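Welcome! Here are some exercises to help you find your way around a new protein, each with a worked solution to follow step by step.

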Amino acid sequence: MRRFLTLKILSLTLVMACVLLAAVAAQHFRLYERGWFVLQEWRHAGEWRERSVWLPDYRVTVEAREIVGLDADISALTYDPQRRSLFSVTNRRPELLELSLDGRLLRRIELVGFGDPEAVEYIAPGVYVITDERQQRLIKVHLDDATTRLDAAAGEQLSLGIDRNGNKGFEGLAYDAAGQRLFVAKERDPVRIYEIQGFPSTAQQPYSVKVLDDPKRDARLFVRDLSSLDYDARSGHLLALSDESRLILELNAKGRPVSSLSLLRGMQGLRRSVPQAEGMAMDDEGTLYLVSEPNLFYVFRKPGD
């Protein structure tokens, strides 16, 4: 009898420990908030769909296409509407890459003086901003068809010492051309999205930099990290990509999540989960492009587009 009671107590203790671990894991991965959001997304679909990008409607049309000629760690993505091409960066061997809209490598541009480039963003014809993650620098660069090499020392720079903690710095960029606002994502510990006004400077805008943040908005993101950002000018909404959460979130103008796209197997038509999503960009027709380390390319479209 005593042995039976001992086994029963051990069994109950084990069950309680498992329940406690599951609860801790759910909290760590923000599963409660994510589950509640999925319910709200379903309830408000009719209302939100017409006023947003509405990510649940997207389906993968190009999945895990290898970028031939590239075996390095691709990171970030931005769309150039003038060239109708995509740009990305690699950091171990710093390069700026130009890709076609079907994932072909068009050219490579050497980056000199960029310690750890993690993001690139189109600003205007021939003008881009590149981040240096470890040094928390934003570097404005110019390029044209003849450019083969870019030196950080030649570009306008802005250094920000915000929550510096090594290799967990600036991972994503997005630009609102109408509002002349640059959004910068801090990867994690903590997850942050900063709004920078006044950089890069323009002839119409004197050099006066403001850095704004919204901790309440960032606390609502229920993601473990941020890998990339993109701004949709049509809706005024911001897209935020999380590699570790395998998720893209759409945030409205008030910073509230309104829709999501899962990067897990079986979702959005994916046969396999996206292994390490590092960059995304949307073109002017609403097509969504995604890159994953080390060299995989994805395209998502709405049916009928």
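**Exercise 1. Work out whether Arg83 is buried, partly exposed or exposed, then find its salt-bridge partner.**

Step 1. Start with the accessible area: Arg83 has a relative value of 33%. Buried means under 20% relative accessible area, exposed over 50%, and partly exposed in between (1.4 Å probe, protein chains only). Arg83 is therefore partly exposed.

Step 2. Before going on, note that this is a predicted model, where local features need pLDDT of at least 70, side-chain atom pairs count only at pLDDT 80 or more, and totals for chains, interfaces and linings use all residues. Residues are numbered from 1 along each chain as its sequence is written, and side-chain values use heavy atoms, with hydrogens and water left out.

Step 3. Now look for the partner. A salt bridge is a side-chain nitrogen of Lys or Arg within 4 Å of a carboxyl oxygen of Asp or Glu. Arg83 forms one with Glu98, and the closest N and O atoms are 2.9 Å apart.

Step 4. Place both residues in the chain. Glu98 sits in strand S4 (residues 95-99), while Arg83 is in the loop between strand S2 (74-80) and strand S3 (85-90), 15 residues apart. Strands (E, at least two residues) and helices (H or I, at least four) are DSSP runs, numbered from the N terminus.

Step 5. Compare the burial: Glu98 has a relative accessible area of 5%, so Glu98 is buried. Finally, widen the view: Arg83, Glu98, Arg107 and Asp145 are linked in a network of salt bridges.

**Exercise 2. Describe the salt bridges of Lys140 and Arg181.**

Step 1. Lys140 pairs with Glu156, with 3.7 Å between the closest N and O atoms. Lys140 lies in strand S8 (residues 137-142) and Glu156 in the loop between strand S9 (149-151) and strand S10 (157-159), so this pair ties together parts 16 residues apart in sequence.

Step 2. Lys140 counts as buried at 15% relative accessibility, whereas Glu156 is partly exposed at 23%.

Step 3. Arg181 meets Asp176 in a salt bridge of 2.9 Å, N to O. Here Arg181 is partly exposed, at 22%, and Asp176 is buried, at 6%.

Step 4. To finish, a search of the whole structure gives 18 salt bridges.

**Exercise 3. Find the residues that touch the most other members of the largest nonpolar core.**

Step 1. A nonpolar core is a set of buried Ala, Val, Leu, Ile, Met, Phe, Trp, Tyr and Cys residues joined through side-chain atoms within 4.5 Å.

Step 2. The largest one has 30 residues, and Leu96, Leu138, Leu182 and Ile196 touch the most other members. Among the strands that each supply at least two residues are S3, S8 and strand S12 (181-186).

Step 3. Zoom in on Leu182, whose contacts (heavy atoms within 4.5 Å) include Val129, Leu138, Ile196 and Phe199.

Step 4. A second, separate core of 19 residues includes Leu241, Ile248, Ala277 and Met282.

**Exercise 4. Trace the order of the five strands in the open sheet.**

Step 1. Two strands pair if DSSP finds at least two bridges between them. The order is S2-S3-S4-S5-S9, with mixed pairing.

Step 2. S2 and S9 are the edge strands, each pairing on one side only.

Step 3. Look inside the sheet: S3 and S4 run antiparallel and are joined by five bridges. Ser88 stands opposite Leu97 in S4.

Key:
Lists of a residue's contacts leave out its neighbours within four places in sequence.
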